Amino acid sequence: MAASDENKKIEQMNKSLIDNTNQRLTTNDGVFITDNNNTLKAGDRGPSLLEDFIYQDKMAHFDRERIPERVVHARGSGAHGVFEATADMSAYTRAAFLKKGTKTPLFVRFSTVAGFKGSTDLARDVRGFSVKFYTEEGNYDLVGNNIPVFFVQDAMNFPDLVHAVKPEPNNEMPQAASAHDTFWDFVSLMPESAHMVMWAMSDRAIPRSLRMMEGFGVHTFKFVNAAGKGTFVKFHWKPKLGVHQVAWNEAQKISGFDADFHRRDLWENIDKGNFPQWDLGVQLIPEEDEFRYSFDILDPTKLIPEEVVPVQIIGTMTLNRNPENFFAETEQIAFDPGRLVPGIDFSNDPLLQGRVFSYADTQNYRLGGPNFHELPINRSVNGKHNNQKDGTGRQDILKGNVSYFPNSLGGGCPYHAMLKGEKGFESHQEKIDASKVRKRSTSFADHFTQARLFFNSQSPEEQEHIVNAYSFELSKVKSVDIRTRELAILHQIDPKLAAKVGSNIGLTPPTSLDELTLQFVRHNHPDYPIEPKDPEVKKSKALSMKQDPSKGTIKTRKVAFLVADGVDMNKVEHYKKALEAEGAEAVLIAPNVGKLKYKQGGSEEIQFSFLTEASVCYDAFYTPEGDSVNILSDLPEYFQFINEGFRHCKALAFAKGAESLVEASYIKGKDAGLILESDGQSVTDFIKAMKQHRIWERESARKVPS
Ligand code: HDE
C-alpha cells in the first residue's frame, strides 16, 4: 500500500509530463506550425496582420507567464523525496503515514523570507522548511522554518512585521536584508521578537547549505490517537549532515559570486545521488503537562529545551529527485498549515490559528482561483471526491448530474466516512469555556528569558558572531533613536551583550526599556513588567551549532585543488582519492578553463577557473606542488583564494613544494587547519581538520584582509 502510494505520485506527475522529443511544433490547440520565425505580413516589408492567430497564440501566452510571487518566502528551491516512519507512534497518533514502516512521497520547499523571487540565497534571514506529505489519507503540510520560534505571538501582527522587513515602500530598498530602519523600528517596539531576532542574528541565519540546516514546526501541535486522546507535539527535522553555517563576510561575497549558491548545492547534490536526509523528531507533552513549564507552550516565541523534553526520532526523510520544471512544481506548490490528516491537530497557538486562514487565501489569489489543488504538484494521491465544482482552471470532469449532498440520485455518494463505519478527520475534542476577548494571555509576557537562554547556550565564537551581526545591522540603521531602543532590549537580555554592541555602534545602552516600547508592551500586558518564572535550564547544548566535532563528516564538501600547468599529477591524485573515499568532492581550479598539462605529461580538461570561481564557494583548499607553483605565485586570484579561505576559518593544505606560497600570503601562524607537508602532515590531517567544519580557534587569531 505504502510503496504503491509513492509510485502513484510519480505516475501522477509523469502523466502531466510533456516530452517534446520527436514532436512537431504546434499552437496551444495542436495546430502544426510551419514558420515560427515570421509574423504574417501584407508583403514582405509590409505591416503585420491582425489575423495572425499563430503569433497571437504565442504572444498572448507569453504576456501572462508571470503570477504573483509569494508575499513572503518568494525565493525558494524544491525537491521530491520520501518519508519513512521508523517508530511505533500509535499510542499518540492515528496518522497512517506515521505508522512504522510506511513510506510516503513528499515535496519539500526551502525558502528565504524577505527577498523577492530572484534575490540571493545567502541573505541573513530565516529559512522556510515546508514539507508536503502525500499520504494515503490526504495531503499533510508541515510548513516550518529553520528557527524554532517566531517574531510575533499573534497573527494580527504578521502583516506589519512583513512590511517592516521587506524593502522600504518609498524606494524599495534594501533587497533581502533586515539591516534597515523599518525592521529595527518594528522589532525594537516589539520586545516579544527579542528571542527570534537573536536567532536571526546568529549563524543559523546564514546556513552553509539547505542540506545542513534543522527544521522546526515552530508551533505546538497536537497528536490524536485512535481513542481520541490528545498529546501536544513539537516537530523537529535533524539533518544527517549536521548543522553548519558560513561566515557573514563569506555570505556577503557568495551573494555576489553565486546568488544561487543554496539552490545549486541542493540541485547538484540530488543530481549526483548525494540524497540529503533528515530525521523527523518529536517532543511529546502529555495534555496534563500543559501548564507545567516556566513558559506557555502555546507561545510561538518559546521553544522547549531538548534537555527538558527530549526529541524522539520517528522517521527519516530523503530527498531523491529534482523537479522536472521549476514553475510547475516549486512555484506552484501550495503549502498550507491548515491541511491536516487524521491524527494531527492544531493547538490554540494564536499565530498558528491565524495561519490557518492566510495560506489557502493567498493560494487562491496567487494561483488564480480555487482549483489550485488540481495542479499536479498539489494533487493528493488518494484522489478527491466532493461536490465542489467549477471555478477558474477546473480540470476534473465530474460525471453525472449530482453535485450536492445529501442526494439519492447519486446513491448518496460521495458518502460520509462514518456511514460505512470508516473514520475521517475528527477535530480533537477540547472543552472550551471562555469569554470572547481580544487580548494577549499574561502567560505570554516574558520576552527575554529564552533570548538569554539562546545567547548563553552559544560558544564564545558564536556569541561574537551575534555581537557582530547586531553591530552590522544596527550600524545600517539611520535613526539613533531606533538603535538606542534596540540596545535597551539587548540590555534586558544580557548587559554585556548590549555593552559590546553599544561600543561597536558608539552608544551606551539604556538600562530600561524605552517609553514608546513600554507603551506597546503595556497595550498587551497592562501590568508589565511581570516577574518571569525561573527557567528549567539556563543553557541548552542543542542550541549551539558548534557541536561535537568528532561526529563530523565531510560528505559532499567541496575541496578546491588550486592548480596550474606543470602540477604534479601524483600529488593531485593522492589527495583526490583520499577525499573521495570520505565522500568529499575535489574540484580542480586553474588559471583558465580548457586543458591542464601535468608535470608527468598528459592533461586534464578543466571546467573551473580562477576567473569564474571564488574561495567562498568552497569548503577547503589544497595546493599541490610542481611547476604550477611558479604560475600561482604571480596570480593575485590564487592568493585571494587562500587568504580568504584562511580568514573564513577553513582547512588549507599545502604540498611541501608549494609552501613558499603560504609565506607570500597573509596566512600567519600555524593552527589545526593549516596542513603543511614539511611538518609531517598528510591528507589524513587535512580530513581531520575539515571534519571540524570551521577552525574555530582561528576566530580569535589575527584577522587577515581578503
Ligand atoms: Fe508563513 N506565510 N505566515 N510562516 N510561511 C506564507 O503563504 C503567514 C509563519 C512559512 O514554501 C504565505 O503560500 C502568517 C510561521 C513558510 O511555499 C502566507 C503568519 C512560519 C512559507 C503566510 C505566518 C511560517 C510561508 C506566503 C503569522 C514557521 C513558505 C505564500 C500568523 C512555522 C511556504 C504562501 C512555501 C508562506 C502567512 C507565520 C512559515 C502569506 C499570516 C510562524 C515556510 O500565507
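**View 1. C413 and C617, two cysteines in a predicted model.** C413 is partly exposed, and its relative accessible area is 37%. The model shown here and in the other views is predicted. C617, at 12% relative accessibility, counts as buried. Which cysteine sulfur is closest to that of C617? The sulfur of C649 is, at 17 Å. That is too far for a bond, because a disulfide needs the two sulfur atoms within 2.5 Å. A search of the whole structure finds 0 disulfides.

**View 2. The shell around the ligand.** How many residues surround the ligand? There are 23, and the closest are R70, R109, S358, Y359 and Q363. By class, 10 residues of the shell are nonpolar, 10 are polar and 3 are charged. Three elements each supply at least two shell residues: β3 (127-135), β4 (138-145) and α9 (350-366). Helix α9 gives the largest share, 6 residues.

**View 3. Polar side chains at the ligand.** Two side chains have an N or O atom listed here against ligand nitrogen. For Y359, the distance from a side-chain N or O atom to a ligand nitrogen is 2.6 Å. For H73, the corresponding distance to a ligand nitrogen is 3.4 Å. Q363 pairs with oxygen instead: an N or O atom in the Q363 side chain is 2.6 Å from an oxygen atom of the ligand. Y359 and Q363 are also among the closest residues to the ligand.

**View 4. S358 in helix α9.** S358 is found in helix α9, the element with the largest share of the ligand shell. S358 is also one of the closest residues to the ligand. Is S358 buried or exposed? It falls in between: S358 is partly exposed, with a relative accessible area of 31%. What separates S358 from A155? Along the chain, 203 residues do; between their C-alpha atoms, the separation is 9.3 Å.

**View 5. D345, a buried acidic residue without a salt bridge.** D345 sits in strand β10, which covers residues 344-345. The residue is buried, yet it has no salt bridge. Which side chain of opposite charge is nearest to D345? K222 is, at 6.4 Å. A salt bridge would need a side-chain nitrogen within 4 Å of a carboxyl oxygen, so K222 does not qualify. D345 has a backbone partner instead: its side chain reaches the backbone nitrogen of H428 at 2.6 Å.

Technical notes: Residues are numbered from 1 along each chain as its sequence is written. This is a predicted model: local features need pLDDT of at least 70, side-chain atom pairs count only at pLDDT 80 or more; totals for chains, interfaces and linings use all residues. Side-chain values use heavy atoms; hydrogens and water are left out. A residue is near a molecule or strand if one of its heavy atoms lies within 4 Å of it. A polar contact is a pair of N or O atoms within 3.5 Å; within protein, one must be able to donate a hydrogen and the other to accept it, and residues adjacent in sequence count only if both atoms are side-chain atoms. Helices (H or I, at least four residues) and strands (E, at least two) are DSSP runs, numbered from the N terminus. Ala, Val, Leu, Ile, Met, Phe, Trp, Tyr, Cys and Pro count as nonpolar, Asp, Glu, Lys and Arg as charged, and the others, Gly among them, as polar. Buried means under 20% relative accessible area, exposed over 50%, partly exposed in between (1.4 Å probe, protein chains only). Lys and Arg count as positive and Asp and Glu as negative; His and the chain ends are not counted.
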